[in-house]
Amino acid sequence: MDAITVGALEKRYGDVHALAGVSFAVRQGEVFALLGPNGAGKSTTVRILVTLTKPDSGAATVAGHDVVHEADAVRRSIGYVPQASGIDREATGRENLTLQGRVQGLRGPVLRERVDELLALFGLGEAADRTVRGYSGGMKRRLDVALGLVHRPQVFFLDEPTTGLDPEARAAMWDELGRLARGERLTILLTTHYLEEADRLADRLAIVSHGRVVVEGTPEGLKRELRGDSVAVEVTDGLGERAAAVVSALQDVHEAIPEGRMLRARVESGATAIPGILSALEGNGIAVVSVTTARPSLDDVYLHHTGRDFRSEDEAGVR
Amino acid sequence: MSQVAASDVASSARLGRLGEILAHSSYMVGRQTRNLFREPIWIAMMLVQPMFWLLLYSQLFRRLVELPGFETDSYIDFLAPAVVIMTAFFQGTWSGMGMITDLDRGVIERFLATPARRSALVFSQVLRSGLTSVIQGVIILAVSLVLGAENGGPVGWLVIMLAGGLVSAGFAGISQGVALITRREATMIAVANFIGLPLMFFSAMLIDFDLIPRWMQWAARFNPVQWAVDAAREPVLASPDWSLVGLSMLLLAAFVVATTGFATWAFRAYQRTL
């Protein structure tokens, strides 16, 4: 059974077409990532699925319940970690968890035990009775995750769970989420703009761009679709376009896409293609600054399907 | 999983919809009260101003009662209920600041993704304001007692605190509504100042109703602050007019219902913008 079904969701905010027909499905027990730059529509999708906002058109179900017409049933079945925390900073970790449990219908000793269990599980036992104001970024985020799990939801939504965390806290969060995914029979949907995060955590992922799902699949499958290696060549300013034209004419080059002074090409084998690429560029009077080759990454998957570089897209989205 | 789901169903069935709203409101009031007591400086600040009025203003205008038309012979007796009402009124008008903090920090959104009753998120703020004012009222009346006020005995205390609680809750409804519509602290401060002082001066808070100009008397009759002053002051006068107390309480209750309705409407409007 699918834990989440999303069909042709559309949402406008004034002139902004935040979602232009998003569709995907998530199977029970899997970890699914919505990957895309800022402003792609990931958060809007999640906010519709957790019943915070209503779609203009389209339909979605979570744990078998319609998100618009059976919102309360959805709310009982889900946990949600919002992008912007939502912890009460003046309260302690324990108080936050207890209140969350109460509104989810837990009482008495069952609630107390569950709160203790979560505090221990997320390494917050010692800080449990201190106000959250004094917590580190990583601790706050772990408490956010614990809050979403207090009533043992079937489906767990995390909106950018590691954004703003330092690398160490991010790695710890990844371990935590990996453990959650293996342990409980929990369906997890997370949004991220870190390609690495989706690659590491997700069983399957969908790349979202400009309010649409561009491609969907397993990280491995998506990378496999891109035959061969990727080669990134840095040339002198303003010559990216010309370099792309030169390189794409070569025999063993599948694709060459310019982005500013970078040129990204997909080739059968990086090691054997590079000499040919270099001599072709030199022959056309284009100076090469640097060249690297790698197995395809989700970066390349993104570039291949959208024709745009992930990083520049991400910065454009922040604005 | 199934165990939790079952307890959910049981608790909903046991409580019913209204019970659930009340239960959720009480959790939220509990949270706000606890946070308040964690910042004792706030409690002190909330009481500094009324103490100034009680201690200094009452001395400054001690001889006001000698004016013909004054219905008490001690100004502190006359002033104490008004200070309770004034404090409650300001408590209410500023209560929206708490909502703005919760909105800014995403606390409201987090609750919106849970089965927390939406109305409880609004009612709790109104209720919290009313209860805070009742507690402030007790403290103010106790201090005035030390200063020699009689406050109309136990019945007087009850009436004054009830009027304070109602006027505070009523203005909290407006304040919550404005907070939900504007969602900005600066706007909130401007609105609170804009309605705060005029409503205070268009009332017989500091002086006997018969001594204020006729056109102001006319305006004061439509002022909920005046209704609260009427209700709270009568018990301390020589011959209280209990029908005026009753009427004022009814008007205040209607005011609370109306402004809470406005805040609930503003909450729905806020949800539609998400």
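Start by selecting Asp116(A), which is partly exposed with a relative accessible area of 41% (buried means under 20% relative accessible area, exposed over 50%, partly exposed in between, with a 1.4 Å probe and protein chains only). This is a predicted model, in which local features need pLDDT of at least 70, side-chain atom pairs count only at pLDDT 80 or more, and totals for chains, interfaces and linings use all residues. Residues are numbered from 1 along each chain as its sequence is written, chains are lettered from A in the order in which they are written, and side-chain values use heavy atoms, leaving out hydrogens and water.

Now add Arg94(A) to your selection. Arg94(A) and Asp116(A) form a salt bridge, with their closest N and O atoms 2.8 Å apart (a side-chain nitrogen of Lys or Arg within 4 Å of a carboxyl oxygen of Asp or Glu). The pair links distant parts of the chain, 22 residues apart: Arg94(A) sits in helix α3 of chain A and Asp116(A) in helix α4, residues 108-121 (helices are DSSP runs of H or I, at least four residues, and strands are runs of E, at least two, numbered from the N terminus). Arg94(A) is partly exposed too, at 28% relative accessibility.

Next, go to helix α6 of chain A, residues 167-183, and pick Glu176(A) and Arg179(A); being three residues apart, they are separated by about one helical turn. Their salt bridge has its closest N and O atoms 2.9 Å apart. Glu176(A) is buried at 10% relative accessible area, while Arg179(A) is partly exposed at 38%.

For another pair, try Glu220(A) and Lys223(A), whose side chains meet in a salt bridge (3.4 Å, N to O). Here Lys223(A) is the buried partner, at 14% relative accessibility, and Glu220(A) is partly exposed at 47%.

A stop at His193(A) is worth making: look in the loop between β8 (187-192) and α7 (195-201) of chain A. His193(A) is buried, with a relative accessible area of 11%. Its side chain makes a polar contact with the side chain of Glu160(A) at 3.0 Å (a pair of N or O atoms within 3.5 Å; within protein, one must be able to donate a hydrogen and the other to accept it, and residues adjacent in sequence count only if both atoms are side-chain atoms).

Zoom out and show both chains. Here 38 residues of chain A are in contact with 32 residues of chain B (contact means heavy atoms within 4.5 Å). The area buried between the two chains is about 3200 Å², with carbon and sulfur atoms giving 50% (the accessible area, 1.4 Å probe, that two parts lose on being put together, summed over both). In chain A, Leu52(A), Leu99(A) and Val103(A) lose the most area to chain B, together 19% of what that side buries.

Which charged groups should you colour at this interface? The rule finds eight salt bridges across it. One of the pairs to select is Asp88(A) with Arg31(B), at 2.5 Å, N to O. Then select Asp72(A), Arg75(A), Arg76(A), Glu20(B) and Arg117(B), which are linked in a network of salt bridges.

Finish in chain B with helix α10, residues 224-233, where ten of its ten residues are buried. These buried residues pack against α3, α7, α8, α9 and α11 of chain B. At the N-terminal end, Asn223(B) caps α10(B), with a side-chain oxygen 2.9 Å from the backbone nitrogen of Val225(B).
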